[in-house]
Amino acid sequence: MNRSVKRLTSAALSLAIAVSMGAVANAKPVSSKGSLLGAKTTTSTTKTTTKTTPKTTTTGASSVKTASAGDYSVHFSGNQLQFMKNGKASGTFGAKNSSIKAAVNKAGNLVIGFTKADGKAANVSLGQQKNVVFSGSYSSLTVDGSVANDRSFTVGGTVSALNVNAPVSVTIAKGASVSSLKVGNASAKVAVQQGASVSKASAVSASSVSGFSGSISKAQAVTAPKTTTIQSSSKKTGLKIGSNSISSGNTTSTSTAGKEKVYLNMYDADDTKYTEEINYTTNNGVQLVAKDGISLGQAIKDVKFEVTHDTDKDNDRVGGQWKWVDVASTTKTSGTYTYRFYPSLSAKYPTVDVQVKYEGSGESSSKRNLGKPSISFVGKSHGEGGNVSVEVKIPSGVDDDGTLEIYIGRDFYDEWKIDEDDAGDEKTCKIYIDRDKYMEDKDNDTEVRIQAKIDVDGRKASSNIIKYRLEGKESSSSANLSGFSLSGPRSIEENDEDTIEADIPSNVTNPKITVRVSEGKATTSVSSVKAGGTAKISVKPKKDSDDLRIAVTLRCDEGTITKYINIDVDEED
């Protein structure tokens with residue numbers, strides 16, 4: 001067993017769901033020489049895409065209401081979240097656990113939230129779908145308070161905790177098993193079909209739970225979450241820029257004369273991770289209370305801005321760019337700064353200003369410690385060179401755009417782009433080790449040093465050094481030594497002892513054997529050596545040793561010859 005071999009830990013996600021669900025992954029730039037692998041959804045990147053066709057057998061599926069034609073149903077089994085359409089899997093996602101939430105996002109779309117295998121949150125949108133059927137096995141299934149009463153849900157399979165916190169209708173289908181039902185919304189209606197099993201239930205007053213024969217305890221009401229779609233007053237009352245007339249309290253834009261009026265909308269991002277608090281004001285303003293060490297440019301990512309030319313149509317957006325007017329995005333100094341929208345069609349639309357009151361830690365990014373990256377091999381750490389994969393763990397201190405660089409020997413090999421979303425992730429980079437360039441002695445093994453370096457805003461950090469062993473060829477300085485050969489075990493258990501036999505040619509004089517452990521850890525000893533005889537080489541792998549590669553050299557008056565033998569090391573029972 002080779003402990004230097006590590007599996008690729010970044011799972012590849014595929015999205016084969018209808019276009020109306022929206023994209024959840026964006027490709028990241030990669031080097032022309034290598035690839036940066038690491039799948040992400042919403043907050044991450046992906047370079048590999050897989051599509052699976054999972055089994056559609058579900059627990060209690062025969063009793064669960066079938067999803068309407070064109071609708072997606074949801075199935076969870078074996079850490080796989082599946083979206084089914086017309087009886088077939090349209091999309092499959094790896095999940096860390098079976099805790100699933102149904103909610104409505106700021107656009108009014110129904111989303112299914114879960115935690116990816118890498119521990120990051122993700123949402124998959126079902127658009128305007130009104131009815132959803134769940135099957136499979138769930139540790140918890142929650143209908144969030146953001147869901148309105150025009151949607152309904154059917155639950156099949158096995159659910160440990162079913163939480164209904166919205167004014168919706170929920171049917172627990174025949175054959176389904178729910179350990180704990182909790183109804184936290186007074187307008188919710190839950191129907192338990194005959195043949196379904198609910199072990200215990202609790203509900204708030206005025207809610208409806210029918211078909212449950214046991215006693216229902218009193219539950220605490222769950223307050224609906226505060227909407228994350230908060231419009232500024234400019235869109236509520238109209239920002240009449242075209243006529244140089246602005247609603248009371250709104251911040252004016254520049255260059256307004258003769259241009260069409262536009263409307264501003266500000267709301268929380270789907271994944272707010274840089275701020276402790278966000279507050280919107282009536283004067284086109286937003287207050288950001290940043291987490292410790294978070295810059296202005298990072299904090300603003302927690303807010304989404306839309307500029308439209310129609311007050312009622314969100315898709316009539318004005319294209320352009322947002323830029324800071326009076327400050328660098330890297331600042332961590334508290335203050336009020338201007339964030340300005342520059343429309344692409346500047347002759348048609350005006351600029352729009354937002355006043356951002358930022359509360360930061362005041363810590364300079366140049367003083368923040370990146371942390372140290374680490375690098376290891378994916379697969380074998382020895383061979384003839386060529387294509388080799390290494391895995392780099394990005395330090396948690398990466399908080400902005402930067403680069404990951406790989407060095408082979410003292411030579412710069414290539415670089416990959418990284419950003420704050422990569423912090424703490426493991427990235428697999430493919431490199432090429434040129435045997436002709438780095439092989440110092442074609443007859444003996446040569447070690448090639450490999451190192452990763454991180455550069456973020458001028459802050460630099462270097463990883464540990466790993467060594468790739470370019471394997472030399474068996475060599476001989478004399479044809480008279482061709483009778484020299486090795487034989488030995490294919491594997492040895494840790495702390496056990498075994499023997500390699502070296503056959504010595506009969507036509508040599510003054511033979512001597514030397515042994516070198518070039519890979520792994522072991523103790524060796526050699527018995528007496530004589531021409532025409534067999535030398536016994538004792539080998540005992542040390543605890544936690546990698547697989548062994550042992551070089552045995554015969555030196556005599558006639559010349560020198562080296563041969564290699566590879567031995568697997570098994571864990572101690």
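Which strand pairs with strand 17 in the antiparallel sense, and over how many bridges? In this predicted model, the partner is strand 20 (residues 303-308), and the antiparallel pairing extends over 6 bridges. Within that pairing, L264 has V307 of strand 20 as its bridge partner. Strand 17 itself covers residues 263-268, and because 6 of its 6 residues are buried, the strand is largely enclosed by the rest of the structure.

With that pair located, the chain as a whole can be considered. The chain has 573 residues, of which 49% are buried, and its secondary structure comprises 3 helices and 40 strands. Among contacts in the chain with a separation of 6 or more, 55% are accounted for by residues 24 or more positions apart. The area that the chain exposes comes to about 27,000 Å², and carbon and sulfur atoms supply 43% of that area.

A second place to look is an open sheet of 5 strands, in which the order is 18-19-23-22-21 and the pairing is mixed. The edges of this sheet are formed by strand 18 (275-280) and strand 21 (320-324), each of which has a single partner strand, so one side of each is left without a neighbour in the sheet. On average, and with direction ignored, neighbouring strands of this sheet are turned by 25° against each other. Strand 19 (residues 285-290) and strand 23 (residues 352-359) run parallel and are joined by 5 bridges; one position at which to see them facing each other is V286, which stands opposite V356 in strand 23.

From the sheets the view can move to the nonpolar interior. In soluble globular proteins, nonpolar side chains tend to be buried together. The largest nonpolar core of this model holds 44 residues, and those that touch the most other members are F83, F134, F153, L162, I172 and L181. The element that gives the most to this core is strand 8 (residues 131-143), which contributes 5 residues.

L181 offers a way to follow these contacts one by one. Leaving aside neighbours within four places in sequence, L181 is in contact with L162, V164, I172, V190, V198, K200, A201, S202 and V209, and two of these partners, L162 and I172, are also listed with L181 among the core residues that touch the most other members. Another partner, S202, is found in strand 14 (residues 197-203). S202 counts as buried because its relative accessibility is 13%, which is under the 20% limit used for that class. When residues up to four places away in sequence are not counted, S202 touches L181, K182, V183, I216, S217, K218 and A219.

Two loop residues with unusual backbone angles remain to be described. N79 is not a glycine, although its phi is positive, at about 60°. N79 lies in the loop between strand 2 (72-77) and strand 3 (80-85), and with a relative accessible area of 43% it is partly exposed. D544, likewise a residue other than glycine, has a positive phi near 65°. The loop in which D544 is found runs between strand 38 (534-541) and strand 39 (548-556), and D544 counts as partly exposed because its relative accessibility is 44%.

How values were computed:
Residues are numbered from 1 along each chain as its sequence is written. This is a predicted model: local features need pLDDT of at least 70, side-chain atom pairs count only at pLDDT 80 or more; totals for chains, interfaces and linings use all residues. Side-chain values use heavy atoms; hydrogens and water are left out. Helices (H or I, at least four residues) and strands (E, at least two) are DSSP runs, numbered from the N terminus. Buried means under 20% relative accessible area, exposed over 50%, partly exposed in between (1.4 Å probe, protein chains only). Two strands pair if DSSP finds at least two bridges between them. Axes are lines fitted to C-alpha atoms, for helices over the stretch in contact, and angles run from 0 to 180 degrees between N-to-C directions. A nonpolar core is a set of buried Ala, Val, Leu, Ile, Met, Phe, Trp, Tyr and Cys residues joined through side-chain atoms within 4.5 Å. Contact means heavy atoms within 4.5 Å. Accessible areas come from the Shrake-Rupley method with a 1.4 Å probe; for residues, only the protein chains shown count as cover.
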